Amino acid sequence: MTIIFSLADFFQVPVSMMTALIASTLIGLTSGMLGSFIVLRRLSLMGDALSHAVLPGVAISYLLGIPMMIGATFFGVLAAALIEFITKKSTIKTDSSIGIILSSFFALGVILISRAQSGTDLNHILFGNVLAVTPSELLQSLIILAVVFLLVTVFYQGFFISSFDPVVAKSYGINTNVYHYLLMILLTIFTVSALSQVGIVMVIALLVTPAATMYLWVKHLKHMMIGASILGVLMGILGVLISFHYDFPTSSTIVLVGAFFFLVSFICSPKNNFIKRKEKIYEKNSLGS
């Protein structure tokens, strides 16, 4: 805490702003790495599902008197396994499986929390408070960032091949399930940690928006991960500064800053080719009239 006070004093900003900036930076870096794989695997809704699915684990952890991270991680991994099981063992598509598990686990979590009569504030779990992040939560985010960076670096080739073409990955003897569930475990731990700090909406936004934005600009996975991490940090810093200056809700401002970057990229990205496609349609209609 002394370091945070020193940094706040050095930059002449409120302690709550400095805490929010550090939390946004750590979460933005981690989400950029994980989000790139989520977007490439077309599992953008998985972050949404996991953030809701951990609620029963939060309630049960309280009832059993164990750390919230243990129960929430267990239910997050269980949800990921059930989604994968339903998708593989039926003709139901992944998005439908996610919707079923998301709503079921969330409803169970709300009931358990209401029955547990705990001091746990559901609004705090759902929407977080980036201005009230504690030093222990910052340390937890730093450890998760280090673990994610280490595992992604060590197992990069496996993640890379299994994300782009699972069939080719299997032909090379790569167990794609191992990488899938390793990614789900990392995503669950990250989601549980970030949830109480920034809330569901910002967790989903930081996982999807920076990675999807960079996907419109780059062709290589490493560039996408680096760019998404930088953009995640930029979203956090700009969002915090704007929210303090104009007295806006911080998490919502960060999300809207990310949406602005995506909108600009959607229109201007040469890879997306939005403007030229519009010009071609206009020329085609002009010739046909």
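I'll start at Thr253, which sits in helix H13, residues 250-268. Before going on: this is a predicted model.

Thr253 is buried, because its relative accessible area is 7% and the cut-off for buried is under 20%. A polar atom of the Thr253 side chain lies 2.6 Å from the backbone oxygen of Pro249. If we set aside residues up to four places away in sequence, Thr253 touches Gly239, Ile242, Ser243 and Phe248.

Next to the loop that leads into this helix. Asp247 is located between helix H12, residues 221-246, and H13. The phi angle of Asp247 is near 60°, a positive value in a residue other than glycine. Asp247 is exposed, since its relative accessible area is 69%, and exposed means over 50%.

There is another residue to list under backbone angles, Gln12. Gln12 belongs to the loop between helix H1, 2-11, and helix H2, 15-40. Phi of Gln12 is near 60°, again positive in a residue that is not glycine. With 67% relative accessibility, Gln12 counts as exposed.

Now the core. How many residues does the largest nonpolar core have? It has 70 residues, and Met184 and Phe190 are the ones with the most contacts inside it. Helix H11, residues 176-215, gives the most to this core, with 18 residues. As general background, nonpolar side chains tend to be buried together in soluble globular proteins.

Take Met184 to begin with. Outside its neighbours within four places in sequence, Met184 is in contact with Ile38, Leu43, Met46, Leu50 and Ala80.

Then Phe190, which is found in helix H11. Is Phe190 buried or exposed? Phe190 is buried, because its relative accessible area is 3%, against a cut-off of under 20%. Its contacts, leaving aside neighbours within four places in sequence, are Ile27, Thr30, Ser31, Leu34, Ile144, Val203 and Leu207. For Ile27 there is also a backbone distance: the C-alpha atoms of Phe190 and Ile27 are separated by 8.3 Å, with their positions 163 residues apart along the chain.

On to charges. Side chains of opposite charge can pair when their charged atoms come close. A search of the whole structure finds one salt bridge. Which residue forms a salt bridge with Lys88? The partner is Glu84, and the closest N and O atoms are 3.4 Å apart. Both Lys88 and Glu84 lie in helix H5, residues 68-88, at a spacing of four residues, about one turn of the helix. Glu84 counts as buried because its relative accessible area, 17%, falls under 20%.

Last, the surface. Which residues form the nonpolar patch on the surface? They are Tyr62, Leu63, Leu64, Ile66 and Ile70, and together they have about 510 Å² of accessible area. Helix H4, residues 55-64, gives the most to the patch, with three residues. Tyr62 lies in that helix, H4. At 44% relative accessibility, Tyr62 counts as partly exposed, because the value falls between the 20% and 50% cut-offs.

To recap for the discussion: Thr253 is buried in helix H13, Asp247 and Gln12 have phi near 60°, the largest nonpolar core has 70 residues, one salt bridge is found, and the nonpolar patch on the surface has about 510 Å² of accessible area. That is my part.

Methods: Residues numbered from 1 in each chain as written. Predicted model: local features only at pLDDT ≥ 70, side-chain atom pairs only at ≥ 80, totals over all residues. Heavy atoms only, no water. Patch = residues over 30% accessible without salt bridge, like charges linked within 9 Å, V, L, I, M, F, W, Y side chains within 5 Å. Areas by Shrake-Rupley, 256 points an atom, 1.4 Å probe, with all protein chains shown as cover. Salt bridge = Lys/Arg side-chain N within 4 Å of Asp/Glu carboxyl O. Helix = DSSP H or I, 4+ residues; strand = E, 2+ residues; numbered from the N terminus. Buried < 20%, exposed > 50% of the residue type's maximum accessible area, 1.4 Å probe, protein only. Core = buried A, V, L, I, M, F, W, Y, C linked by side-chain atoms within 4.5 Å. Contact = heavy atoms within 4.5 Å. Polar contact = N/O pair within 3.5 Å; in protein donor to acceptor, adjacent residues only side chain to side chain.
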